[in-house]
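Me: I am new to this structure and would like to go through a few of the terms used for it. Please give the reasoning along with each answer.

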Amino acid sequence: MSTVRVALADDERMVRTALRVILDAEPDLEVVGEAATGAEAVSVVRQLRPDVVLMDVRMPEIDGIRATEQILSTMDEPPRIVVVTTFENDSYVYDALRAGAAGFLLKRAAAEELVQAVRLVARSDSLLFPSAVRSLAAEYGRRPAATAPPWAARLTGREAEVLRLMATGLTNAEIAGRMGVGPATTKTHVAAVLGKIGARDRTQAVIAAYESGFISPR
């Protein structure tokens, strides 16, 4: 089992310490760096190149949203970024997801949820907290345009079905079982969906589907 390298970005030392203790206790997870501001987070990530970043939304200098944008726009192989927040129904969280974050996590989450979230995001195999993403899109998402997005016409029927199943949080293996196809076929469909939408990952694809009206978040 390969080790998932994690960086922590939060302006509260106690929060970073608590996260480090939980993650370092797992044999497959390792905290490799910490940052107390958004600017420090960008620097630490560029230097250490972790697999996953836990990024506080609200930090000094630049916030987690801007830090996420800078990391994703300036690195050839950026890490998966999970924004950490106090409140679930927060416009900042949705802005971070739209900026490219792979998911979000509540600061009050149990240790087991934290560990599971890091592993899931590192695998890129399913959407993190799909019902919460749907609620955020319903509350803060852009109103769909009158016409369908160009990418919608390029999706095959199978690919459209895969996108809808991705939005429910199913893994590739679960999608394969639901559709009655092999895992390799499902992986090919997922890659095709991301490519046609122009999305970095499943989260961005699902947000694009919600904001275009291809899938209704309500």
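Me: Which helix gives the largest share of the lining of the largest pocket?
Reply: The model is a predicted one. In it, helix H11 (residues 202–212) supplies 5 residues of that lining. The pocket has a volume of about 210 Å³.

Me: What makes Gln204 a lining residue of the largest pocket?
Reply: A lining residue has an atom within 4 Å of a point of the pocket. Gln204 is listed in the lining, as are Arg98, Arg142 and Glu211, among others, so Gln204 meets that cut-off.

Me: How many residues of each class are in this lining?
Reply: There are 5 nonpolar, 2 polar and 3 charged residues. Gly198 is in the lining, and Gly counts as polar.

Me: Why is the set of 38 residues called a nonpolar core?
Reply: Because such a core consists of buried residues of certain kinds, Leu, Phe and Met among them, joined through side-chain atoms within 4.5 Å. Leu97, Phe104, Leu163 and Met166 have the most contacts inside this one. Helices H4 (91–99) and H8 (157–167) are among the elements that each supply at least two of its residues. Another core, of 21 residues, lies apart from it and includes Val6 and Leu54.

Me: What is leucine 163 in contact with, beyond its neighbours within four places in sequence?
Reply: Its contacts include Trp151, Val193, Ala205 and Phe214.

Me: How do you know that strands S1 and S2 pair?
Reply: Pairing needs at least two bridges. S1 (residues 4–9) and S2 (residues 29–35) have 6 and run parallel, so they pair. In one of these bridges, valine 4 has leucine 29 as its partner.

Technical notes. Residues numbered from 1 in each chain as written. Predicted model: local features only at pLDDT ≥ 70, side-chain atom pairs only at ≥ 80, totals over all residues. Heavy atoms only, no water. 1 Å grid on protein atoms, 1.4 Å probe; cavity = no way out; pocket = protein on both sides within 12 Å on 5 of 7 lines; lining within 4 Å. Points joined across faces, edges and corners; volume = space filled by probe spheres on them. Helix = DSSP H or I, 4+ residues; strand = E, 2+ residues; numbered from the N terminus. Buried < 20%, exposed > 50% of the residue type's maximum accessible area, 1.4 Å probe, protein only. Contact = heavy atoms within 4.5 Å.
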